[in-house]
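Colleague: I have a model open on my screen and would like a close look at one part of it. Could you walk me through it at an easy pace?

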Amino acid sequence: MRIGELSKSTGVDIETIRFYEKSGLLPPPARSDNGYRDYAHAHLERLAFIRHCRALDMSLADVTLLLDSLETQDPEELVKVDVLVASQLGKVRARLQSMKALEAQLVALQKRCDADHDHHACGILEELVSAAHGEACACHPTEAAPAARASAPDVN
């Protein structure tokens, strides 16, 4: 199959397929008599594997390790797969915590809006300006803004 068909079958952009070939993630295909790339079913499967790993937010280095692990039966090498997935899970959990904290901050900020913009200043903008001045704000009530910390004298 040609690169366009491979792209359509996997949902991977043509330029990304070429990048994967150049980086060694995808082996180079055979060439037909007219010079076109001729991808086999093995390319389709490997590209789908790569795409799945990338959808799990794995780095290209991690994908390489996983692809290399497909070829081994060595238990010590396969442990690396377990470690990789555990590490990825840890990263996802850390991002989830960070996103939950961000959500709470945005909810607190949103509560500053009374939607009566004809008679009141925007509470959200007031909070953001306060934070920019180094004051506590609804979304960061217990910490000073970074600008205030940067300008605060060092007492140590």
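In which loop does aspartate 57 lie, and what can you tell me about the helices around there?

Modeller: Happy to! Please keep in mind that this is a predicted model. Aspartate 57 sits in the loop between H3 and H4. Its phi is positive, about 65°, although the residue is not a glycine. With 42% relative accessibility, aspartate 57 counts as partly exposed, because that value falls between the 20% and 50% cut-offs.

One of the contacts of aspartate 57 leads us into helix H5. Glutamine 88 belongs to H5, and, leaving aside its neighbours within four places in sequence, glutamine 88 is in contact with Leu56, Asp57, Met58 and Asp62. Glutamine 88 has 7% relative accessibility, so it counts as buried.

Now step from the loop into H4, which spans residues 60–69. Its buried residues are Asp62, Val63, Leu66, Leu67 and Ser69. Looking down the axis of H4, you would find these within an arc of 160°, so they line one face of the helix. A general point about helices helps here: an α-helix has 3.6 residues a turn, so residues three or four places apart point the same way. On the face of H4 turned away from the buried side are the exposed residues Ala61 and Asp68. The buried residues of H4 pack against two helices, H3 (41–55) and H5 (75–110).

Let's take the H5 side. H4 and H5 pack at an angle of about 150°, and their axes are 10 Å apart. Their crossing is left-handed. From H4, the residues Asp62, Leu65, Leu66 and Ser69 take part, meeting Glu77, Leu78, Lys80, Val81, Leu84 and Gln88 in H5. Sorted by class, this contact has 5 nonpolar, 2 polar and 3 charged residues. Asp62 and Gln88 are thus names to keep in view, since Asp62 is among the residues in contact with glutamine 88, which counts as buried because its relative accessibility is 7%.

H4 also has a part in the largest nonpolar core. That core has 17 residues, of which Ile17, Tyr20, Leu47 and Val63 touch the most other members. At least two residues of the core come from each of H1 (3–10), H2 (14–23), H3 and H4. The most come from H3, which gives 4 residues.

Two of those well-connected members, Ile17 and Tyr20, are buried in H2, as is Glu21. These three cover an arc of only 100° around the axis, which puts them on the same side of H2. The buried residues of H2 pack against H1, strand E2 (37–38), H3 and H4. Leucine 47 is worth a click too: leaving aside its neighbours within four places in sequence, it is in contact with Leu6, Thr10, Val12, Ile17, Tyr20 and Leu26.

Finally, zoom out to place this part in the whole chain. The protein chain has 7 helices and 2 strands, and from the N terminus on its elements run α-α-β-β-α-α-α-α-α. Of its 156 residues, 22% count as buried. Among contacts between residues at least 6 apart in sequence, 38% join residues at least 24 apart.

Technical notes:
Residues are numbered from 1 along each chain as its sequence is written. This is a predicted model: local features need pLDDT of at least 70, side-chain atom pairs count only at pLDDT 80 or more; totals for chains, interfaces and linings use all residues. Side-chain values use heavy atoms; hydrogens and water are left out. Buried means under 20% relative accessible area, exposed over 50%, partly exposed in between (1.4 Å probe, protein chains only). The arc is that of the directions from the helix axis to the C-beta atoms. Contact means heavy atoms within 4.5 Å. A nonpolar core is a set of buried Ala, Val, Leu, Ile, Met, Phe, Trp, Tyr and Cys residues joined through side-chain atoms within 4.5 Å. Axes are lines fitted to C-alpha atoms, for helices over the stretch in contact, and angles run from 0 to 180 degrees between N-to-C directions. A crossing is left-handed if the near helix is turned anticlockwise from the far one by less than a right angle, and right-handed if clockwise. Ala, Val, Leu, Ile, Met, Phe, Trp, Tyr, Cys and Pro count as nonpolar, Asp, Glu, Lys and Arg as charged, and the others, Gly among them, as polar.
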